[in-house]
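User: I'd like to learn how to read a model like this one. Can we go through it feature by feature?

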Amino acid sequence: MLRLFAAEFRRSALVVGYSLWTLILFILAEVSADAQQEAQSGTLEQVCLSPFGLTRIFVLRSLAGMVWMLLTNGVVLGLLLLITGVQLQVSAWVLIPGFMITITVLAWQFVGDGLRDAFDPRRRQ
């Protein structure tokens with residue numbers, strides 16, 4: 001019985017680990033890919049001078065890319081679950097702390113951005 005449970009646990013860990021690994025790789029690669037592509041094609045100056053602003057454009061591009069990656073990662077996860085026969089059971093009590101951690105990290109990021117904007121001597125005019 002213990003061996004059966006261990007094998008099921010290993011398969012589940014592989015499925016979830018693969019999905020998280022691909023998501024992490026996407027996030028790390030996406031951070032600088034847009035700026036590098038714009039710089040290589042010579043359109044970074046146009047993006048900087050656009051009325052929408054550089055930050056807004058890059059954030060929206062990153063969000064669109066992240067939504068696309070989450071969709072494709074969900075499809076891959078679904079296929080892996082079908083192929084391996086693993087069933088993931090996630091309780092709502094597990095999702096609530098993850099959501100709260102995400103909100104907390106975003107709040108600290110906004111505080112840091114506000115402090116940087118307030119105290120950055122290069123931004124003062």
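**Reading a helical model**

Analyst: Sure, and let's begin with a surface feature: helix 1 (2-41) and helix 4 (92-119) each supply at least two residues of a nonpolar patch. Keep in mind that this is a predicted model.

User: Which residues form the nonpolar patch, and about how much accessible area do they have together?

Analyst: The members are Val16, Leu20, Ile24, Leu88, Val90, Val94 and Leu95, and together they have about 620 Å² of accessible area. Helix 1 gives the largest share, three residues.

User: How should I think about side chains on one helix pointing the same way?

Analyst: The general idea is that an α-helix has 3.6 residues a turn, so residues three or four places apart point the same way. Val16, Leu20 and Ile24 are all listed in the patch, and valine 16 sits in helix 1.

User: Is valine 90 exposed or buried?

Analyst: To call a residue exposed, you want over 50% relative accessible area. Valine 90 has 57%, so it counts as exposed. You'll find valine 90 in the loop between helix 3 (54-84) and helix 4.

User: Why is valine 16 called partly exposed?

Analyst: Partly exposed is the class between under 20% and over 50%. Valine 16 is in that class because its relative accessible area is 33%. Valine 16 also shows how sequence distance and spatial distance can be read together: leucine 81 is 65 residues away in sequence, yet the two C-alpha atoms are 9.5 Å apart in space.

User: How many helices and strands does the protein have?

Analyst: Count the elements, then read their order. Here there are four helices and zero strands, which gives the pattern α-α-α-α along the sequence. For contacts with a separation of 6 or more, 61% are between residues 24 or more positions apart.

User: What span does helix 3 reach, and what would be expected?

Analyst: You compare the distance from first to last C-alpha with a rise of 1.5 Å a residue. Helix 3 has 31 residues and reaches 44 Å, close to the expected 45 Å. Right after helix 3 comes glycine 85, with a positive phi near 75°.

User: Which residues of helix 3 are buried?

Analyst: They are Ile57, Phe58, Gly65, Met69 and Asn73. Take asparagine 73: the cut-off for buried is under 20%, and at 9% relative accessibility asparagine 73 therefore qualifies. Leaving aside residues up to four places away in sequence, asparagine 73 touches Ser19, Thr22 and Leu23. Across the protein, buried residues make up 14% of the 125 residues.

User: What about the outside, and what supplies the exposed area?

Analyst: The protein exposes about 10500 Å², with 72% of that coming from carbon and sulfur atoms.

User: Which element has the lowest mean pLDDT, and which the highest?

Analyst: Start with the average, then go element by element. The protein averages a pLDDT of 77, and 89% of the residues score at least 70. Helix 1 has the lowest mean, 72, and helix 4 the highest, 82.

Note on methods:
Residues numbered from 1 in each chain as written. Predicted model: local features only at pLDDT ≥ 70, side-chain atom pairs only at ≥ 80, totals over all residues. Heavy atoms only, no water. Patch = residues over 30% accessible without salt bridge, like charges linked within 9 Å, V, L, I, M, F, W, Y side chains within 5 Å. Areas by Shrake-Rupley, 256 points an atom, 1.4 Å probe, with all protein chains shown as cover. Salt bridge = Lys/Arg side-chain N within 4 Å of Asp/Glu carboxyl O. Buried < 20%, exposed > 50% of the residue type's maximum accessible area, 1.4 Å probe, protein only. pLDDT = per-residue confidence, 0-100. Expected span 1.5 Å × (residues − 1). Contact = heavy atoms within 4.5 Å.
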